[in-house]
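Please look over the sequence and the model that follow, and keep both in view while reading. The paragraphs below begin with a detail of strand pairing and then move outward to the chain as a whole and back to single residues.

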Amino acid sequence: MEADFETSKIIGNKFYCPSLTQYTRRRTITVNIGDLPLGSDYPIRVQSMTTVDTMNTEGSIAEVTRMVEAGCEYVRITAPSVKEAQNLENIKKGLLAKGIRVPLIADIHFTPNAAELAARIVEKVRINPGNYADRKRFEVIDYTDASYAAELERIREKFMPLVKICKEYGTAMRIGTNHGSLSDRILSRYGDSPLGMVESALEFLRICEEMNYSQIVLSMKSSNTQVMVEAYRLLVQRLDEEGFKPYPLHLGVTEAGEAEDGRIKSAVGIGTLLEDGLGDTVRVSLTEAPENEVPVARALVERYNKRPNHAPIEPIEHIPINPFQYTRRVTREVNNFGGLNVPRVIADYSSIAVESHEDLRSVGHFFLPVPDKWAMNDQGADYIYSGSRPIPFMLPNGLKEILDYPVWLTHEDQKNKLPLLSVKEFSNEPQLHPSLNFVKGDIHDFNDDFLDHFNDSGNVVFVLTSENAHAMPELRRLFFRFLDKKITTAVVVKRPYPAATSEILPLYAATDVGGLLVDGLGDGIWLEPQFEVDVEKESQLKTAAEFNSIAFGVLQAARTRMSKTEYISCPSCGRTLFDLQETTAMIRKHTEHLKGLKIGIMGCIVNGPGEMADADYGYVGMGKDKIALYRGQQVVKRSVTAEKAVSELIEIIKEDGRWVEPS
Ligand code: SF4
């Protein structure tokens, strides 16, 4: 949808955080949520949401207990109507009887009367400004200034009673915008955009400030990581520019999905903002038990405990990109890098001795003895770096080998191998490959002296590294230097990680590389496994497979290269009408070969259709054993039984000509 208001006309400056180079938490006011204050004077808090029915008091207490034991600091519980809001009292009492004083947050959509009751019982209420005072009609109405103002007046009347109660009871509030559930009013004026998301929250925030109520936390969630990052940045910038108080931020990516994909997608969004010091509480939304979300959120936030001591990075005086709107850095095409090519994946085998065809299965290349040829899957690496150990057999067409420069120089098949040079080697005007050369260095190697003399028309791709603990911002600093100097050479981002850190690796890689990709920076990803000595080959190959899968996962989560089906599945809550984990697994089993397709799997029809905003197809619970199937935002079948729903969904995909048989 076209926005009437262009972001660029409204935004005065592009700075949205305390520093783009020195890690610093953004200063915020403190919001008191029960006994546990939130804001920049306190550690970044971790929270999650229950999945059992709120009317199931014992089940809720048991689930909250598990969440608290896992390290959850605030617990959110859905209150779809007054009766659930009332039952929060029983849950709270039951928890207190067990000695659990965790602050509870009531999650409200559409029901001001439930919010007004819950605000008297729990420590915080979350309202969605897209549906607190509005029923979604999916209508685009042309508002005049007068009719828009009248709508705002209607919101005031509906919202003010809640603010009064929150003030009276000392209850905090989150104004939590979701990209997928913006009101028709906001959509008609600002479009389906980060600016619309921000304005949606500001309309409510202005009422709170007028009423002298400031115990507020803000969030700007989306399942699209680019939109999510842009919206939070824009929010901070607008708060500063309009003179609002610096309210704390709650970070989250909605409907991130499950398993590795869900973790990577969450980290691309949340990690990117944490790097810039934004965010005071984090919720990772996975289609898994809520206690599984907690260690992921902890791993994300604990990374910053020692970050303020990182090596200095030269400050940035102006930002040569638009941090509020995705634009890919313009690069010159060299071979299949840069230009309009998708970002490439380089598999690092420099520590793995490649002896047979089988060794390449880990990175998606399979040798088929009959019919005696290579095949690759959708996650076949594009390049393989073998360092100083050239691979002793002919590689498949889709896989090119990179060697260290001295080894390449003496190799008998220089034509089919590609050299990796240090900046120093490259500066000595050496013999080069006629079509593609990789030049590796960090911010100190690619200094002004080098860049001012660099011929930006050769067959070169840069490989950027960083030793700085604040790596993403240092690498970004270097990209900004390329932009300022109008250098259009494609860039691969290379990051080393210990091979043994498999749980945190997806999160760190997603943050370090994904944080650049969401700003359109980067034409390739190279994750280097650092093995301890004496690691068995089998284990090395397993690591190579993990790193390869994470590399493709990061590209997909940053929406820069689709190599698999994307599942936008909600984390489930007390409104959920079927077993989401089981259903997601079943849908995945039948559709995971449909590369690039986005399938929404949502627990309820109240919020689901909005939340899966940019899915191609949707599977949404509408009642007991009743599923609604969607094509985009349109319902195409209603009340399908669960038994038939997946085959009916496949039929719809087939009708659209988007089905392929699994190979
Ligand atoms: S879409 Fe899922 S998480 Fe959101 S309200 Fe519905 S069931 Fe709950």
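Which residue in β16 does Leu403 stand opposite? In this predicted model, the residue that Leu403 faces in β16 is Pro419. Leu403 also has a bridge partner on another strand, since Gly387 is paired with Leu403 in β15. Behind these two pairings are two parallel arrangements: strand β14, residues 383-387, is joined to strand β15, residues 400-404, by four bridges, and β15 in turn pairs with strand β16, residues 417-422, again in the parallel sense and over four bridges. For a reader tracing side chains along such strands, it helps to recall that in a regular strand the side chains alternate between the two faces of the sheet.

Turning to the chain as a whole, the model contains 20 helices and 25 strands. The radius of gyration can be set against a simple expectation: a compact globule of 663 residues would have a value near 26 Å, and because the protein chain has 26 Å, the two agree. Taken along the principal axes, the C-alpha atoms fill a box of roughly 80 × 55 × 55 Å. Of the 663 residues, 61% count as buried, while the chain exposes about 25,600 Å², with carbon and sulfur atoms supplying 49% of that area. The contacts can also be sorted by sequence separation: among those between residues at least 6 apart in sequence, 69% join residues at least 24 apart.

Helix α2, residues 57-69, offers a useful place to examine one element and its surroundings. At 1.5 Å a residue its 13 residues should span 18 Å, and the end C-alpha atoms are indeed 18 Å apart, so the expectation and the model agree. The buried residues of α2 are Thr57, Gly59, Ser60, Ile61, Glu63, Val64, Thr65 and Met67, and what covers them includes β3 (45-49), β4, α3 (82-97) and α10 (290-302). Just after the helix, Gly71 takes a positive phi of about 110°.

One of the residues in α2 deserves a separate look, namely Ser60. Ser60 has a relative accessibility of 0%, and therefore counts as buried, the cut-off being under 20%. Not counting residues up to four places away in sequence, Ser60 touches Val52, Asp53, Thr54 and Ile91. Among the elements covering α2 is β4, and this strand, residues 74-78, holds Thr78. Thr78 is buried as well, with a relative accessible area of 1%. With residues up to four places away again left out, Thr78 touches Met49, Thr54, Glu84 and Asp107, and also Cys573, Gly574 and Arg575. Thr54 thus appears in the contacts of Ser60 and in those of Thr78.

Helix α20, residues 642-655, can be read in a similar way. What span should its 14 residues have at 1.5 Å a residue? The expected span is 20 Å, and the end C-alpha atoms are 20 Å apart, which agrees. Within α20, Ala645, Val646, Leu649, Ile650, Ile652 and Ile653 are buried. These buried residues cover an arc of only 155° around the axis, which means that they lie on the same side of α20. The face turned away from this buried side carries the exposed residues Glu643 and Glu655. Covering the buried residues are, among others, the helix α18 (580-591) and the strands β22 (598-602), β23 (617-623), β24 (626-631) and β25 (634-640). Just after α20, Gly657 takes a positive phi of about 70°.

Two loop residues complete the tour. Met211 is found in the loop between α7 (194-210) and β8 (216-221), and is buried with a relative accessible area of 13%. Leaving aside neighbours within four places in sequence, Met211 is in contact with Met160, Val163, Lys164 and Lys167; Met211 and Lys167 are 44 residues apart in sequence and 9.2 Å apart in space, C-alpha to C-alpha. Asp442 lies in the loop between β17 (437-441) and α13 (448-453), and at 14% relative accessibility Asp442 counts as buried. With neighbours within four places in sequence left aside, Asp442 is in contact with Thr465 and Leu478, while the C-alpha atoms of Asp442 and Lys494, 52 residues apart along the chain, are separated by 10.0 Å.

Notes: Residues numbered from 1 in each chain as written. Heavy atoms only, no water. Expected span 1.5 Å × (residues − 1). Buried < 20%, exposed > 50% of the residue type's maximum accessible area, 1.4 Å probe, protein only. Arc of directions from axis to C-beta. Contact = heavy atoms within 4.5 Å. Pairing = 2+ DSSP bridges. Rg over C-alpha atoms; globule rule 2.2 N^0.38 Å. Areas by Shrake-Rupley, 256 points an atom, 1.4 Å probe, with all protein chains shown as cover.
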